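The following paragraphs lead through the structure shown below, from its overall fold to individual residues.

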Amino acid sequence: MKDHVHERIGFREIDEHGNAVQAVSPHMPEPSGPPRKRASVNPFIVALWVMDVGVVWFCLWAFTSAESLMGSPSTGSSAQVNFMILSAVPYGLLGAILLAAGLLFWHAVQWQKRRPTG
């Protein structure tokens, strides 16, 4: 007799303390070893965090080097290079801030998914 009503009927085994034990089914073989663990760290997220720190470091380095070059006229740096650096740094810092905010939002969503709903 194969119908969907009788297929849902199942039994579960319990131990001497009343705790549920995984039943052994003749149709499903036992797993050969322990279950594989999922990697807890996403390598793409790690790469984005590293890139974010690199962008912040580069922007701060470019800003401080451009500021120091503007103070000393004998270094031979051109005003055009300083202008390009100082005009690009704010956008780099804005990008780094937005990337960090996006990553923090992603971490918050992942944390909410792992939390049991009660």
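Helices and strands are here DSSP runs, of at least four residues for a helix and at least two for a strand, and they are numbered from the N terminus. In these terms, Val41 belongs to the loop that runs between strand 2 (20-21) and helix 2 (43-71). The coordinates described are those of a predicted model.

The protein chain contains three helices and two strands, and their order along the sequence is α-β-β-α-α. Of its 118 residues, 10% count as buried. The accessible surface of the protein chain is about 10,700 Å², and carbon and sulfur atoms account for 67% of this area. When contacts between residues at least 6 apart in sequence are considered, 50% of them join residues at least 24 apart.

Val41 also takes part in a feature of the surface. Together with Val46 and Val50, Val41 makes a nonpolar surface patch of about 260 Å². Val41 has a relative accessible area of 52% and is therefore classed as exposed, the cut-off for that class being over 50%.

Helix 3 comprises residues 79-114, 36 residues in total. From its first C-alpha to its last, helix 3 reaches 53 Å, which is close to the 52 Å expected at 1.5 Å a residue. Helix 3 nevertheless has a kink of about 25° at Val89, shortly before the proline Pro90. Val89 is also one of the buried residues of helix 3, a set completed by Asn82, Gly92, Ala96, Ala100 and Leu103.

Two further residues of helix 3 show how this element is placed relative to other parts of the sequence. One of them is Leu86, which is located in helix 3. Its relative accessibility is 26%, so Leu86 counts as partly exposed; this class lies between the limits of 20% for buried and 50% for exposed. Leu86 and Ala62 are separated by 24 residues in sequence, and their C-alpha atoms are 7.9 Å apart in space.

The other residue is His107, likewise situated in helix 3. How is the side of His107 that faces other residues made up, that is, which residues does His107 touch, not counting those up to four places away in sequence? They are Ile45 and Trp49. For the pair His107 and Ile45, the separation is 62 residues in sequence and 9.4 Å in space, C-alpha to C-alpha. His107 has a relative accessibility of 33% and therefore counts as partly exposed.

Notes. Residues are numbered from 1 along each chain as its sequence is written. This is a predicted model: local features need pLDDT of at least 70, side-chain atom pairs count only at pLDDT 80 or more; totals for chains, interfaces and linings use all residues. Side-chain values use heavy atoms; hydrogens and water are left out. Buried means under 20% relative accessible area, exposed over 50%, partly exposed in between (1.4 Å probe, protein chains only). Contact means heavy atoms within 4.5 Å. Accessible areas come from the Shrake-Rupley method with a 1.4 Å probe; for residues, only the protein chains shown count as cover. The expected span of a helix is 1.5 Å times one less than its number of residues. The bend at a residue is the angle between axes fitted to the seven residues ending there and the seven starting there. Patches are made of residues with over 30% relative accessible area and no salt bridge: like charges are joined within 9 Å, nonpolar side chains (Val, Leu, Ile, Met, Phe, Trp, Tyr) within 5 Å. A salt bridge is a side-chain nitrogen of Lys or Arg within 4 Å of a carboxyl oxygen of Asp or Glu.
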